[in-house]
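Reader: I am in my first year of study and would like a close look at one part of this model, namely its salt bridges and what lies around them. Please give one connected account.

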Amino acid sequence: MEASFDIALASAYVNAHMYSQGLHVSRVAAKDSDFQGVSEKRYEIKDPKEMSRLIKKIGALFGSPLVRIVKLNPEWSYEHAPGDGRGYKYGEPVDIPEHWQYGIIMGIPLSWETREGAPSFFHTFEGYGNASMHCARMAEFVKKLGYPARENSPHARYEYIMPPHMVAAGIGEQGRLGVVVTPEFGPNFRPSMVVTNMPLEPDKPIDVGIRKFCMNCKICADQCPSGSISFDGPKEINGRGYDGWQINASTCHNFWMSVPNGGCRVCLAVCPFSKESNWLHTTARDIAVRERTGITASTLTWMEKAFYGVNTPEHYHYKEGTRQFDYLVGEKPWFFESKDFLKEN
Ligand code: SF4
Ligand code: SF4
């Protein structure tokens with residue numbers, strides 16, 4: 001059976017998510033849609049704290065296990081449109097209306113079953129699709145209570161920069177791999193945010209020791225196939241008043257465009273915080289981030305490498321002139337083994 005048949009299966013899965021993206025983007029999130037569909041009657045909010053509690057419950061019912069509130073910071077927004085969409089052309093100046101006050105941030109984990117299939121069989125499109133749908137539902141919920149809302153999601157695109165808002169909202173801490181690492185799912189999740197002026201109570205940042213853990217760990221930097229992740233300490237990002245690690249987005253993008261289906265995510269797959277929660281992983285991580293000497297963290301990093309391997313960046317590269325799909329972090333998911341399901345022809 002040709003290896004490309006495996007990729008065909010994975011592509012069908014990815015395209016199913018991308019198709020839903022097309023439908024969604026054609027309908028929502030233009031910059032002039034803030035007040036479209038907003039109920040004429042505005043329901044007054046009794047208590048922002050209680051309303052925030054309700055929003056978190058509704059977000060969970062919509063399917064997001066992580067829901068937090070943040071006070072929006074206009075400094076943490078894009079100056080120019082990062083892509084076409086939302087009524088912008090790529091590179092056009094972004095204008096952030098003054099009426100936005102709060103962000104309702106939601107997060108959904110990516111599939112654990114495809115994680116070990118990175119880089120060729122681990123796709124974020126399912127996360128993009130699910131996060132975007134939850135975001136659309138929340139925007140509609142807010143509008144029906146009489147408040148304007150705008151989606152910031154993978155499918156609807158973003159005007160706000162997510163990592164600093166997520167850190168401020170206590171979703172997690174920014175990790176070396178350039179995205180936020182949560183205590184619940186590590187970096188293996190996708191976020192979205194509904195911005196609104198509904199009165200809400202912002203959450204507070206957390207310090208559960210993830211950033212400190214990243215100072216020593218460096219597994220993602222060791223294995224990144226494109227060398228896009230820094231081995232240095234965190235630093236201020238683009239003079240925006242927050243600091244963390246920033247990856248080389250160009251080299252990362254170039255690598256994952258070379259992978260079938262635009263995959264990669266090796267960094268997410270190898271991060272010790274990305275392990276699906278079982279008692280052993282949960283306990284080990286819990287101790288590692290609390291224990292101050294760093295010995296437990298070093299031991300956990302060592303165990304991670306011992307159990308899950310120490311692939312070099314070259315491990316994931318294609319041999320010249322071939323289309324090799326099998327250099328993976330771990331096992332290919334069984335449901336992408338085409339020989340079990342498709343006839344050769
Ligand atoms: S997605 Fe791949 S190329 Fe990009 S930073 Fe992560 S490991 Fe490196
Ligand atoms: S792999 Fe290690 S250094 Fe990289 S984000 Fe995860 S914990 Fe931090």
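Author: The structure, which is a predicted model, holds 10 salt bridges. As a general matter, side chains of opposite charge can pair when their charged atoms come close. Some of the pairs deserve individual attention.

Consider Asp203 and Lys56, whose side chains meet in a salt bridge with an N to O distance of 2.8 Å. Asp203 belongs to the loop between strand 6 (189-196) and helix 5, while Lys56 belongs to helix 2 (residues 48-62), so this pair ties together parts that are 147 residues apart in sequence. How accessible are the two partners? Asp203 has a relative accessibility of 22% and therefore counts as partly exposed. Lys56, at 26% relative accessibility, also counts as partly exposed, since that class runs from 20% to 50%.

A second salt bridge is formed by Arg240 and Glu79, with the closest N and O atoms 4.0 Å apart. Here too the pair links distant parts of the chain, 161 residues apart. Arg240 is in the loop between strand 7 (235-236) and strand 8 (243-244), and Glu79 is in the loop between strand 1 (66-71) and strand 2 (102-109). Is each partner buried or exposed? Arg240 is buried, because its relative accessible area is 17% and the limit for that class is under 20%. Glu79 reaches 53% relative accessibility and so counts as exposed.

A further salt bridge joins Asp340 to Lys339, the closest N and O atoms being 3.7 Å apart. Both of these residues are exposed. Finally, Asp34, Arg150 and Glu159 are linked with one another in a network of salt bridges.

Attention may now pass from charged pairs to nonpolar side chains. In soluble globular proteins, nonpolar side chains tend to be buried together. The largest nonpolar core of this model has 28 residues, and Leu177, Ile229, Val266 and Val329 touch the most other members. Helix 5 (210-217), helix 6 (219-223), helix 7 (249-258) and helix 8 (266-270) each supply at least two residues of the core. The largest share, five residues, comes from helix 8.

Which residues surround ligand 1? They are Cys224, Pro225, Ser226, Ile229, Cys252, Cys264, Arg265, Val266 and Cys267. By class, this shell divides into seven nonpolar residues, one polar and one charged. Two of its members, Ile229 and Val266, have already appeared among the core residues that touch the most other members.

Arg265, also in this shell, merits a closer look. Arg265 lies in the loop between helix 7 and helix 8. With a relative accessible area of 10%, Arg265 is buried. Its phi is positive, at about 65°, although Arg265 is not a glycine. Lys218 likewise has a positive phi, near 65°, in a residue other than glycine. Lys218 is placed in the loop between helix 5 and helix 6, and its relative accessible area of 26% makes Lys218 partly exposed.

The backbone has another feature of note. The peptide bond from Ala118 to Pro119 is cis, with omega near 5°. Pro119 is found in the loop between strand 2 and helix 3 (125-144). For context, most residues other than glycine have a negative phi, and most peptide bonds are trans.

Two further loop residues can be placed in relation to other parts of the chain. Ser228 is found in the loop between helix 6 and strand 7 and, at 4% relative accessibility, counts as buried. Ser228 and Phe255 are 27 residues apart in sequence, and their C-alpha atoms are 9.5 Å apart in space. Gly209 lies in the loop between strand 6 and helix 5, the loop that also holds Asp203. Gly209 is buried, with a relative accessible area of 7%. From Gly209 to Gly172 there are 37 residues in sequence and 9.9 Å in space, C-alpha to C-alpha.

The surface completes this account. Trp334, Phe341 and Leu342 make a nonpolar patch of about 350 Å². Trp334 lies in the segment after helix 10 (295-308), and its relative accessibility of 59% means that Trp334 counts as exposed.

Methods: Residues are numbered from 1 along each chain as its sequence is written. Chains are lettered from A and ligands numbered from 1 in the order in which they are written. This is a predicted model: local features need pLDDT of at least 70, side-chain atom pairs count only at pLDDT 80 or more; totals for chains, interfaces and linings use all residues. Side-chain values use heavy atoms; hydrogens and water are left out. A residue is near a molecule or strand if one of its heavy atoms lies within 4 Å of it. Ala, Val, Leu, Ile, Met, Phe, Trp, Tyr, Cys and Pro count as nonpolar, Asp, Glu, Lys and Arg as charged, and the others, Gly among them, as polar. Patches are made of residues with over 30% relative accessible area and no salt bridge: like charges are joined within 9 Å, nonpolar side chains (Val, Leu, Ile, Met, Phe, Trp, Tyr) within 5 Å. Accessible areas come from the Shrake-Rupley method with a 1.4 Å probe; for residues, only the protein chains shown count as cover. Helices (H or I, at least four residues) and strands (E, at least two) are DSSP runs, numbered from the N terminus. Buried means under 20% relative accessible area, exposed over 50%, partly exposed in between (1.4 Å probe, protein chains only). A nonpolar core is a set of buried Ala, Val, Leu, Ile, Met, Phe, Trp, Tyr and Cys residues joined through side-chain atoms within 4.5 Å.
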